[in-house]
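User: I should like to go through this model by question and answer, with the reasoning set out at each step. The sequence and structure are shown here.

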Amino acid sequence: MARVYNFSAGPAVLPEEVLKEAAAEMMDYQGCGMSVMEMSHRSKVYDKIIKDAEADLRDLLNIPDNYKVLFVQGGASLIFASVPMNLMKNKKAGYIITGQWAKKAYQEAKIYGEAVELASSADETFSYIPDCSDLDIADDLDYVYICENNTIYGTKFAELPNTKGKILVSDVSSCFLSEPIDVTKYGMLYAGVQKNVGPSGVQVIIIREDLITDDVLPCTPTMMKFKTHSDNDSLYNTPPCYGIYICGKVFKWLKNMGGLEAMKKYNEEKAAILYDFLDQSELFKGTVRKEDRSLMNVPFITGDADLDAKFVKEAKEAGLENLKGHRSVGGMRASIYNAMPKEGVEALVAFMKKFEEENK
């Protein structure tokens, strides 16, 4: 069977070159006689894999020396708790609520201290990014937290909030490595890799060294202390070895593609194909305010739930998979991450045009 165009929000499409390389190395990684899945994380062979992955990621993002890169397990949802446990020194933090994941992080933080809602777009079903240029930020806030790209609702911060000198913590899971960023604007950023970089089970944390201390909430488990992973170069316990290996291959693929400037240009071209069609379509319409649109996740609707369901079913039959919107919002969503080829977006738009003609 031919490969489909996979528009899943995560786990998501991976570069074919990476999958082919991994397949070729499945039984014997570079002459060592075993798969990466089988080797010890303490071996010299694996040590090179994880160190190369970190070096390539540092190169891609131009990560300064005073920031640590950590590969951890547990899902971004576990980091919702790790952030307040490690960073809530005054037991007070600000949250900007732009979707389900920011809301869940906010609710988790409430368990450990005072979580302050600084801004929200819940009033319009998270279809825009609120103005964050002059937030009411108290002097005793420990940090300001955002989810930078909202997978479910298809919004993205075009500009980072003005935190008035407070630490910015950002969940960048669904826009990670899709464009260049200035790491120094963040105290900490993190990503679940299953959207844009690798298989599920790996989280990448990039955090300024001065924020990694023993001064954490007393309830913090050893495995949720950033210092535990920092002191042990992400090898305190058995890491998600195979997932990190795949991430490393994707980092190399991104460098071969020309780096993040080239990826941004490619992602803009892909997104424009779909958004331009949505803006002139009589049947389909996008759900996000234009200036806040994500390049990665594109939600759209027909306005008729039965027609939406028909579209998803017929798209699947045409080899366009996983276009159903998140269960909390319905409609459709096309996730067009780095590894989605332009041909996939063109095929989707061609199918949408045909469907519109047949269902006017």
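User: Which residue in strand 5 does Tyr95 stand opposite?

Analyst: The model is a predicted one. Strand 3 covers residues 92-97 and strand 5 covers residues 143-147, and the two pair in the parallel sense over two bridges. Within strand 5, the residue opposite Tyr95 is Tyr145.

User: In what order do the seven strands of the open sheet lie?

Analyst: Strands of a sheet pair through backbone hydrogen bonds, either parallel or antiparallel. In this open sheet of seven strands the pairing is mixed, and the order is 2-10-9-8-5-3-4.

User: Which strands stand at the edges of that sheet, and why is one side of each left without a neighbour?

Analyst: The order of the seven strands is 2-10-9-8-5-3-4. An edge strand has a single partner strand, so one side of it is left without a neighbour in the sheet. From one strand to the next, the twist averages 20°. The strands at the edges are strand 2 (67-72) and strand 4 (114-120).

User: At what angle to strand 2 does helix 2 run?

Analyst: Helix 2 lies across strand 2 and strand 10, the latter formed by residues 203-208. Relative to strand 2, helix 2 runs at about 130°.

User: What is the N to O distance in the salt bridge of Asp52 and Lys48?

Analyst: The structure holds 28 salt bridges. Asp52 and Lys48 both belong to helix 2 (residues 44-61), where they are four residues apart, about one turn of the helix. Their side chains meet in a salt bridge with an N to O distance of 2.6 Å.

User: Why are helix 1 and helix 6 described as oblique to each other?

Analyst: Two packed helices are described by the angle between their axes and the distance between the axes. Helix 1 (residues 16-24) and helix 6 (residues 241-256) have axes 10 Å apart and pack at an angle of about 130°. Angles under 35 degrees count as roughly parallel, over 145 as roughly antiparallel, 65 to 115 as roughly perpendicular and the rest as oblique. Helix 1 and helix 6 are therefore oblique.

User: How many nonpolar, polar and charged residues make the contact of helix 1 with helix 6?

Analyst: The crossing of these two helices, helix 1 and helix 6, is right-handed. On the side of helix 1 the residues are Glu17, Val18, Glu21 and Ala22, and they meet Tyr242, Tyr245, Ile246, Lys249, Val250 and Trp253 of helix 6. By class, the contact of helix 1 with helix 6 has seven nonpolar, no polar and three charged residues.

User: Which residues of helix 4 does helix 3 meet?

Analyst: Helix 3 (residues 75-87) and helix 4 (residues 100-109) pack with their axes 9 Å apart, at an angle of about 45°. That angle makes helix 3 oblique to helix 4. From helix 3 come Phe80, Ala81 and Pro84; in helix 4 they meet Trp101, Lys104, Ala105, Glu108 and Ala109.

User: Is helix 7 roughly parallel or roughly antiparallel to helix 9?

Analyst: Helix 7 and helix 9 (residues 342-358) pack at an angle of about 5°, with their axes 9 Å apart. An angle under 35 degrees counts as roughly parallel. Helix 7 is therefore, with respect to helix 9, roughly parallel.

User: How do the residues of the contact of helix 7 with helix 9 divide by class?

Analyst: Among the residues that helix 7 contributes are Tyr266, Ile273 and Phe277, while those of helix 9 include Val345, Leu348 and Met352. Charged residues take part as well, including Lys270 of helix 7 and Glu356 of helix 9. The division is nine nonpolar, no polar and six charged.

User: In strand 14, which residue is the bridge partner of Val298?

Analyst: Three strands form an open sheet in the order 11-12-14, with antiparallel pairing. Its edge strands are strand 11 (285-286) and strand 14 (332-335). Strand 12 (residues 297-301) pairs with strand 14 over four bridges. In strand 14, the bridge partner of Val298 is Ala334.

User: Which residue has a positive phi although it is not a glycine?

Analyst: Most residues other than glycine have a negative phi, and most peptide bonds are trans. In the loop between strand 8 (167-171) and strand 9 (188-192) lies Leu177. A positive phi of about 65° is found at Leu177.

User: What is omega for the cis peptide bond that joins Gly10 and Pro11?

Analyst: Pro11 lies in the loop between strand 1 (5-6) and helix 1. The bond joining Gly10 and Pro11 is cis, with an omega of about -5°.

Terms used. Residues numbered from 1 in each chain as written. Predicted model: local features only at pLDDT ≥ 70, side-chain atom pairs only at ≥ 80, totals over all residues. Heavy atoms only, no water. Axes fitted to C-alpha atoms, helices over the stretch in contact; angles between N-to-C directions. Left-handed = near helix turned anticlockwise from the far one by under 90°. Contact = heavy atoms within 4.5 Å. Nonpolar A, V, L, I, M, F, W, Y, C, P; charged D, E, K, R; others polar. Pairing = 2+ DSSP bridges. Salt bridge = Lys/Arg side-chain N within 4 Å of Asp/Glu carboxyl O.
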